[in-house]
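Here is a brief report for a reader new to this structure. Please look over the sequence and the model first.

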Amino acid sequence: MLIIPAENTVNWKRPPWVTLGLITTCLLVFFFYQGDDNRLIEEAVEQYLESDLKSLESPVYEDYLERQIEFEDNKDRVYDLQNFQQLQEEGGDLWVAYSLLADREFYQYMLQNRDRLWAPAERRLWLEQRGDIQTQLMDKLSANQLGLVPAEFSLYTLITYQFLHGGWGHIIGNLVFLFLLGFTVEKALGPGRFLLAYLLCGALSGVVFTAFSMGSHIPLVGASGSISGLMGMYVAIYGLQKIRFFYFVGVYFNYFRAPALAILPVWLGKEIYDYWFAGATGIAYMAHAGGLVAGAGMVWLLGKSWLQVKEEFFEPEEDEQDERFTTGYSQAMASLGRMDFDLARHQFEALREHYPDRTILLEHLYQLAKLRPDLPQYRERTQALMNESLSRRQPERMVEIWQEYLSKGEGHAPLDAGDHNRVLFTCLRNDDLKAAEKAFERLRSAGDQLLASEACRLLAEEFEKRQMTPKARHYRQLLQEG
């Protein structure tokens with residue numbers, strides 16, 4: 001079963017550059033730095049099979065696994081033992097060699113106990129052959145170089161391990177969740193603070209993993225701890241606010257709404273339960289839990305200072321906005337149907353305050369204002385709708401509104417010279433010379449001499465280009481009379 005938050009959509013006009021940068025960095029590291037790992041492993045396996053190491057180490061490995069199962073109650077090792085025995089029975093030498101080489105804990109066990117595991121001659125042979133393979137090949141693997149190894153703890157690996165991954169499934173799963181959670185948290189915190197918080201969550205996640213795995217030589221790699229931190233930040237940002245979650249079970253998927261905070265104890269409880277009781281998964285559950293708590297803690301503890309969430313982040317969900325708009329719009333239209341125009345106007349005005357981008361609301365307000373052309377509101381709505389039509393590249397609608405106002409409202413409250421000038425320019429661009437001349441006459445009567453002179457010059461030039469000499473001469477004469 002998969003449950004992920006799905007509250008926001010990406011605004012590609014303002015892309016989440018840090019999230020995309022982290023994804024790109026992980027991919028570049030995976031392809032260009034970790035790309036040499038396969039060659040190193042192949043060479044190590046080849047050299048291993050050419051030596052006498054398999055006959056020396058295989059019996060020791062079985063005994064080692066049985067001891068861990070019996071004395072340390074290590075459930076993970078039951079599967080390892082069964083798999084190793086099956087490989088030996090089926091003659092899978094390549095996979096046997098890989099299993100022995102890849103188990104760093106087993107290598108440390110052999111180093112520490114070599115004096116009692118083999119006779120002096122065998123011990124010298126093992127040290128010579130295995131030592132070369134280990135130092136020249138296995139130790140140069142990306143996970144061993146820059147992964148977080150608790151027994152060989154280094155501060156820089158708290159950062160570097162976050163950009164390494166163990167395979168295609170690992171990196172794809174992590175990057176999908178990094179994108180789904182990252183762009184939302186980046187929008188809330190801002191790019192700089194988001195990057196710092198992301199890396200800090202990964203580092204704290206690594207510290208928790210190290211604390212629970214003291215002495216372990218198994219390297220931790222992957223962005224899972226950092227992404228768990230994003231989950232914690234996401235939950236802390238939304239708190240008790242109900243958000244949308246996507247869930248997937250088998251072949252069925254759907255959405256449900258619940259308080260964001262509800263996912264925190266559920267997710268954390270599942271991780272702890274799996275860590276202690278599930279076994280055999282190889283997942284660093286404590287690293288995940290550490291990242292989750294670190295992410296939530298940073299937002300809660302530092303939210304009022306440098307890690308403050310931007311107020312504009314909390315916007316109603318698009319579906320919720322549509323539902324509110326539809327309800328309010330239906331009520332306003334019902335008022336129109338009852339011919340209660342004053343109530344309808346107030347309702348449309350209230351809607352426009354919350355949804356200024358919905359042109360239909362301005363259209364309704366314009367039509368209502370047109371019922372009383374003698375009032376100032378009609379002029380205001382006309383100018384607003386003319387500007388809106390121009391910004392939406394609807395020149396015909398702009399000219400239509402202007403012409404309608406000339407017949408109904410110009411006698412009560414004349415338009416500004418700038419309004420007529422915009423119409424003139426629009427008409428010239430759309431080859432409507434008749435309307436352009438009409439706009440010029442209105443512009444002259446508005447009393448703005450500078451605009452009128454410029455408009456007169458434009459008209460003269462336009463008619464000259466069209467070789468309409470009488471018209472051009474007329475406007476040149478007007479320009480001279482200026």
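The notes below cover a helix pair, a single helix and some salt bridges. The model is predicted.

**A pair of packed helices**

Two packed helices are described by the angle between their axes and the distance between the axes. Helix 3 spans residues 53-71, and helix 7 spans residues 120-136. Their axes lie 10 Å apart and meet at an angle of about 100°. Angles of 65 to 115 degrees count as roughly perpendicular, so helix 3 and helix 7 are roughly perpendicular to each other. Helix 3 makes the contact through L53, L56 and E57. Helix 7 supplies E122, L125, W126, Q129, R130 and I133. By class, this contact of helix 3 with helix 7 has five nonpolar residues, three charged and one polar.

**Helix 12**

Helix 12 runs over residues 224-238, 15 residues in total. From its first C-alpha to its last, helix 12 reaches 21 Å. That is close to the 21 Å expected at 1.5 Å a residue. Is helix 12 mostly covered or mostly uncovered? Helix 12 is mostly covered, with 15 of its 15 residues buried. Just after helix 12 comes G239, which takes a positive phi of about 60°.

**Salt bridges**

How many salt bridges does a search of the whole structure find? The search finds 23. Three of them are set out here.

| Acidic residue | Basic residue | Closest N and O atoms |
|---|---|---|
| E363 | R397 | 2.7 Å |
| E400 | R397 | 3.1 Å |
| E462 | R466 | 3.1 Å |

R397 appears in two of these rows, with E363 and with E400. The E363 pair links distant parts of the chain. E363 sits in helix 17 (residues 359-369), and R397 sits in helix 19 (residues 395-408). The two are 34 residues apart. The E400 pair stays within helix 19. There, E400 and R397 are three residues apart, about one turn of the helix.

Why does R397 count as buried? The cut-off for buried is under 20% relative accessible area, and R397 counts as buried because its relative accessibility is 18%. E400 is at 45% relative accessibility, so E400 counts as partly exposed.

The E462 pair also joins a buried residue to a partly exposed one. E462 has 14% relative accessibility and therefore counts as buried. R466 has 34%, so R466 counts as partly exposed. Both belong to a wider group: D431, E462, K465 and R466 are linked in a network of salt bridges.

Methods. Residues are numbered from 1 along each chain as its sequence is written. This is a predicted model: local features need pLDDT of at least 70, side-chain atom pairs count only at pLDDT 80 or more; totals for chains, interfaces and linings use all residues. Side-chain values use heavy atoms; hydrogens and water are left out. Axes are lines fitted to C-alpha atoms, for helices over the stretch in contact, and angles run from 0 to 180 degrees between N-to-C directions. Helices (H or I, at least four residues) and strands (E, at least two) are DSSP runs, numbered from the N terminus. Angles under 35 degrees count as roughly parallel, over 145 as roughly antiparallel, 65 to 115 as roughly perpendicular and the rest as oblique. Contact means heavy atoms within 4.5 Å. Ala, Val, Leu, Ile, Met, Phe, Trp, Tyr, Cys and Pro count as nonpolar, Asp, Glu, Lys and Arg as charged, and the others, Gly among them, as polar. The expected span of a helix is 1.5 Å times one less than its number of residues. Buried means under 20% relative accessible area, exposed over 50%, partly exposed in between (1.4 Å probe, protein chains only). A salt bridge is a side-chain nitrogen of Lys or Arg within 4 Å of a carboxyl oxygen of Asp or Glu.
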